[in-house]
There are 2 protein chains.
Amino acid sequence: MLETVDLSLSMKKKEYKSALDDLAPRLGALQRRAREEGVPVLILIEGWEGANKGRLVNELLLTLDPRGYRFHAFERRGDEEYPFLLPYLEVTPPRGEFAVFSGGWYAEVLLRRLLRGEERSDCTAAFRDICAFERQLADAGGVVLKFFCHIDRKEQKARLKEREGDLDLAWFVTPEAWEENKRYDDFLLCAEEMLSSTGTEYAPWTLVPATDFQYAAWKILSTVERVLDDCLARKRHPAQDSLLEGVSDGESALLSSMEPEGAMEDQEYDDRLSELQRELRSLELRVFREKLPVALVFEGVDAAGKGGAIRRVTESLYPMNYTVYPVGAPDDQERRHHYLWRFWKNFPRDGHVAIFDRSWYGRVLVERVEGLCTPEEWQSAYREINEMERHLSDYRTVLVKFWLQIDKDEQLARFESRGGDPERSWKLTPDDWRNRDKWDLYQTAAAEMLLRTSTSYAPWTVVATNSKRLARIRILTAVTESIRRALGQEGRRKR
Amino acid sequence: MLETVDLSLSMKKKEYKSALDDLAPRLGALQRRAREEGVPVLILIEGWEGANKGRLVNELLLTLDPRGYRFHAFERRGDEEYPFLLPYLEVTPPRGEFAVFSGGWYAEVLLRRLLRGEERSDCTAAFRDICAFERQLADAGGVVLKFFCHIDRKEQKARLKEREGDLDLAWFVTPEAWEENKRYDDFLLCAEEMLSSTGTEYAPWTLVPATDFQYAAWKILSTVERVLDDCLARKRHPAQDSLLEGVSDGESALLSSMEPEGAMEDQEYDDRLSELQRELRSLELRVFREKLPVALVFEGVDAAGKGGAIRRVTESLYPMNYTVYPVGAPDDQERRHHYLWRFWKNFPRDGHVAIFDRSWYGRVLVERVEGLCTPEEWQSAYREINEMERHLSDYRTVLVKFWLQIDKDEQLARFESRGGDPERSWKLTPDDWRNRDKWDLYQTAAAEMLLRTSTSYAPWTVVATNSKRLARIRILTAVTESIRRALGQEGRRKR
């Protein structure tokens, strides 16, 4: 692939300047159009050490309006504290903005492989996750442009030497850069593999001959201009299809068939609860020590008791190690990002417990039922969520997901009891009553969600919560068991 | 101060439980009231190792609605990369929310003093900055509550020993905790000094006897309840005074008296520009190597050429090391925070150049003139901004501030030229014309700003930009000189 690149291509300074005079205003206009149409644009500049990536990036940035872009240069990371893609996900561009990246996910995979001796199979998994990530951005209406700046070994060596001879620049020539030159053929092989594994229709690579600076800059700028022009021309808003498409009533059987469970005596409940909380506290300390990330997801029917259940979990935890994320409607900033963005930011770091009171499943529940997204969008969300959870799980994040279910009569009783209690009446909103009117639609959506997102790595636990006590015990039991199992696996993995 | 605390105070479990049943709903109601009235609440829990700060924090968190608080536990920081207060500033609560802190700015100052042997005078400077920071929060309508959990040396020793005997907890007893016990009297002295230096009317300390857990928890919860109740009762929105109060016309003389400067020949300009850009590039590499933070601020009359001037600076920089922050109207999230918050987040880290296209000075310019804040607010902003810039400067941040000035005729000519050029007409907005109508008000505001915020550590450079070329050369000269001077001082400091 890379040997087909004609490295002798060059461009005169004057010729470049006149091309730039032509390109710059067109790029400016495209940037304003992308803003108006709310299209996020991600541009990644990769390539060899010494290929002048920094200066090439700057040529691009100088043509852009600073009010509409952010540039991110990633430095090599030390010890990981979170799944590989997370820091990149967090800085994906919101709608209408550009994000320009240098030294991101690709550089990380290559360096891990070549400098830290990671297995080829790990790279394959990383490339798979990268493709899923880029496809998700493209599916959400984004444009993904990737450039690989290519120079040959001789040219690279000459440039590194030249820099070393410059008082200002010598400091920046790292041993890794020389390593890359020494093992140029190894790097080339890996780069080829990367380019072919991740060059997709939705996020293609452009190979940039970078021997001549002007030619490389022109190649990047003109490609950005051409591709953006194409993409913006093709953009059309998908027709809003019928709200109920794809909803079938039969699936709700799953939930209504749940056996109602009995009550639990005071003393038995108290004993069992303190026992489980003691165990959870002790497990939490191990989670912290062994740097395990834990995510607990609570979804369920309104008034099914999510808050109370979460409280029974947090009562026994140290506040340093957990965070509860109550999830409501997205705010302005969140609305401008990919719908998963606000969760990416909050996934647990190593040794932390993140508790989601409602979650990313809103996409296939409330957003589906209330028509806040298109049917295509919520339908593709099942796969997108599964991909995301697999990425978390591969990083050994413990994912425990609860669906809390009460029946319709019990919900009415609870709403009425809340409404009648001055200290709790604020908990009951008109939305709750409106959602209740759509009970069947929500049940159908929940059933489909449970079916399509119960995976081996992130299964759902459905809990009947007509009896709050039994439910809380069941939830604490599931949490402690999942964590204990994961700690056990960790133990084995280490041996 | 601390010896007056009666450490024998205690509370029976049952008594505590019944007090809690009474307090929890009242705290919940106060939290909802704080949200409705948009009052940010900051609660800090400090104290001795072994005083059970974590569990005490959790007792407080459990009474709060998770939709309205964030808890922040700060771990000891390693090498600093930014001014001491910055990470804390970033997580101050937005309006209507609670932020609960443990191990924040106070712990950091104490530990630096006691474990890293920092000078007493450094502590004094830190306490001064802390008081300014807390006063700013209070002045902006916030409530600041600080607790110091006190136990005596014997009790601390017993608790550390007990933890060491517990398999789960032993891991968490650090050598620093034992150090604190061994040098208890030193720590006590420093804590006393801290409590008296930073116990202010707007952010008082509450001393908490923490021998008995229930008593300590009750003391914290009941104090939060009482103080919040008081503060919320006293909250009243300051009357919107006349827009123009405090504006006097005489001050604008400063600007109109500037001598118009001549033009510059093509060749001379090109030569001088490349020379300065080359020098700036070389300085930038040193800035990066020597980890100097640099902030460049560009303010000025509309169409005075801020964008073009910034471009001449960024053309010569590496994109990894600089970021341009275009500052417009604050977004939803920013509006809910202190007005300086969105800048705190973007101050340059070590070795980086942050370029602000408009800045925090909007408070005393557009917000003043357009009546977007009260006269009290913009009047106190001068002091607040000076305090903030001193904090940055004490951390050795290089601050270079430019005011770009053109005369009223030149502005008209530039507006008309923009309006007539299809590629630049988007740059001209109705706002520009509206601002032009208030030319005198803006000039007066600018003059007062220049007078009141030109300090020895962050002086303004006023640049007449009727001649763009001369102006750009002057700006680049000022930037390179300021950086060169700062690097020189660094050099001397190291020797």
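1. Is B:R358 buried or exposed? In this predicted model, B:R358 is partly exposed, because 17 other C-beta atoms lie within 10 Å, a count that falls between the cut-offs of 20 or more for a buried residue and 12 or fewer for an exposed one. B:R358 belongs to the loop that runs between β8 (353–357) and α15 (366–369) of chain B, and its phi is near 70°, a positive value in a residue other than glycine.

2. The counterpart in the other chain deserves the same attention. A:R358 sits in the loop between β8 (353–357) and α15 (366–369) of chain A, where its phi, too, is near 70°, again positive although the residue is not glycine. A:R358 is likewise partly exposed, with 17 other C-beta atoms within 10 Å.

3. On the relation between the chains, a turn of 180° and a shift of 0.0 Å along the axis lay chain A on chain B with an RMSD of 0.0 Å; the two copies are therefore related as by a two-fold rotation axis. The residue of chain A that comes closest to this rotation axis is A:D332, whose C-alpha is at 3.4 Å. The same surface serves both copies, since 100% of the contact residues of chain A recur in chain B.

4. As for the interface itself, 31 residues of chain A are in contact with 31 residues of chain B. Several elements of chain A each supply at least two residues of the side that touches chain B, among them α1 (13–37), α11 (266–289) and β7 (322–326), while the largest share, five residues, comes from α2(A). By character, the residues of this side of chain A divide into 16 nonpolar, five polar and 10 charged.

Note on methods:
Residues numbered from 1 in each chain as written. Chains lettered and ligands numbered in written order. Predicted model: local features only at pLDDT ≥ 70, side-chain atom pairs only at ≥ 80, totals over all residues. Contact = placed C-beta atoms within 7 Å. Helix = DSSP H or I, 4+ residues; strand = E, 2+ residues; numbered from the N terminus. Nonpolar A, V, L, I, M, F, W, Y, C, P; charged D, E, K, R; others polar. Least-squares fit on C-alpha atoms with pLDDT ≥ 70 in both.
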